[in-house]
Amino acid sequence: MTTTPVRPAGQQIVPAGGPAPGGAPGPAGHTNGAPNGAPNATVSRARGALRRTPGKLRLVMGLCVLAALALGVLGFQAGSVQSRALEAASEDTAQLVGVQEVRNALVAADATATGAFLVGGLEPADQRARYDDLVDQAASGLATLSGSNEGDAELLGQVAADLTVYTGLVEQARANNRQGFPVGSAYLDQASTILREQMLPALDEVVLDDADRVAADFSGVRNALWVLAGGLVALAVLVVSQVWLARRTHRVLNVGLAVATVVVLVVGIVSTVLLTQASSRAQDVRTGPYAATLAASQAYSLANDAKSMEAFTLIKRGSGQAYEEAFVTATDDAAARLDTAASEGILDGSTAQALDAWVTRHADVRALDDAGQWDDAVALATATDPESPNAAFDAFSSAARDDIETNAAATSDRLDGAATTATVAGWLLLAAGLVAALLAWRGVTARLEEYR
């Protein structure tokens, strides 16, 4: 006889191997009826989805959109970086040229002051006016340049302070010279020493710092090869996707992907050309008008320095051999810079010829002084007739200033134009990337709709 087991009150019968009441772990190692391999199941389902055509279409769409967006973002970044480098080159070049102009104004003022000192007594009004204009130009330039670049502010401030001392000494030299006191030459010599041993070296240091910044700016103007590489990658993704889609859907052309490919191809080529042109233009500026500006500016400064040495040679009356040697060194250096620029085709050679003409007229002054005809040498050195050394020097100065102004303007204009070109190229690539991404998304989405 079989006896049926009686279940105690409140107790449930648990089948062997089944889940324990309340979700407690059962013998089979389950929790709440949910298998421990749930994450693996999710991965399996994802893999299964990717094996089916809709999943593959979504993957292709994602790749195409990402490739197009990457091209747009990288292209925009390339254009922006190149544009900023060109703008920085333009600003730093203007700063460098400005410092050179201050230096030129100071040495020209010194040359004017020493030349006027030879006349004796009350100096000519036109020379006094020229000296005042040059000093005002230097002081104004120092104030402007100090505010436009913090890196140059300290040294330029020191030069501005020294300029006050320099002009004070020149005024004392003038006052004594008007009264015929020999001590006037000592004051002038002291002023010239401050200029050459304190002010000009400080300005030269600023020039070197600015030149280093300009060189770094030009080095930052990279070519567009890596943008071209990004465009080729995006094109490859789009083309491979179209080939795969044509085989899968048995349709030769997907309009969205095809148009996206054309957009990337055309805009990529145009933008690459624009970026390459901007980079090439920057290098042309560096070896062309920028180099010409520096050559003319440095030659002008050296010649004005030599002009002061010419006056000091006569002021010292028989003991100025060191000043004549400094004259020869300065004019030889100036001539070498101008001749090099002319041989490279960045200057036409007329400025170098004008310098040679002045040096030749200076030789006449030296011939008179060396022959013991000091009064005649001073008369020739201070003459202003069309055949005088001063007229030859003025012709050189005019030619050099024209070269500086023309090439400095060309440098600024071309760098600004190249920066604009790079900016346009960057925006074109960004727009092309966004449009291509939208077209690719719409093109693949149209195929996805067929599976719903």
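**View 1. Lining of the second largest cavity in the predicted model.** Six names make up this close-up: Leu71, Leu74, Gly75, Trp226, Val227 and Gly230 line the cavity. Helices α2 and α6 (225-249) each give two or more residues to this lining. The cavity has a volume of about 40 Å³. By class, its lining holds four nonpolar and two polar residues. Charged residues are absent from the lining of the second largest cavity.

**View 2. The largest cavity and the residues nearest its centre.** A search of the whole structure returns two cavities of 30 Å³ or more. The largest holds about 90 Å³ of space. Eleven residues line the largest cavity. Nearest its centre lie Ala116, Phe117, Glu123, Arg174 and Asn177. Rolling a probe the size of a water molecule over the atoms shows where such empty space is left.

**View 3. Helices and residue classes around the largest cavity.** Two elements, α2 (53-119) and α4 (150-178), give two or more residues to the lining of the largest cavity. Helix α4 gives the most, with five residues. The lining divides into six nonpolar, two polar and three charged residues.

**View 4. A nonpolar patch on the surface.** The patch covers about 610 Å². Its members are Val262, Leu265, Val266, Ile269, Val270, Val273, Val424 and Leu428. Helices α7 (255-287) and α12 (389-449) each supply at least two of these residues. The largest share, six residues, comes from α7. Ile269, one of the patch residues, has its place in helix α7.

**View 5. Spans annotated as transmembrane region in UniProt.** The unreviewed UniProt entry gives the annotation "transmembrane region" to residues 57-76, 224-245, 252-275 and 424-444. Residues 57-76 are 100% helix and 0% strand in the model. The end C-alpha atoms of residues 57-76 are 29 Å apart. Residues 424-444 are likewise 100% helix and 0% strand. For residues 424-444, the end C-alpha atoms lie 30 Å apart.

Conventions
Residues numbered from 1 in each chain as written. Predicted model: local features only at pLDDT ≥ 70, side-chain atom pairs only at ≥ 80, totals over all residues. Heavy atoms only, no water. UniProt positions renumbered as here; feature names shortened; annotations may be inferred. Helix = DSSP H or I, 4+ residues; strand = E, 2+ residues; numbered from the N terminus. 1 Å grid on protein atoms, 1.4 Å probe; cavity = no way out; pocket = protein on both sides within 12 Å on 5 of 7 lines; lining within 4 Å. Points joined across faces, edges and corners; volume = space filled by probe spheres on them. Nonpolar A, V, L, I, M, F, W, Y, C, P; charged D, E, K, R; others polar. Patch = residues over 30% accessible without salt bridge, like charges linked within 9 Å, V, L, I, M, F, W, Y side chains within 5 Å. Areas by Shrake-Rupley, 256 points an atom, 1.4 Å probe, with all protein chains shown as cover. Salt bridge = Lys/Arg side-chain N within 4 Å of Asp/Glu carboxyl O.
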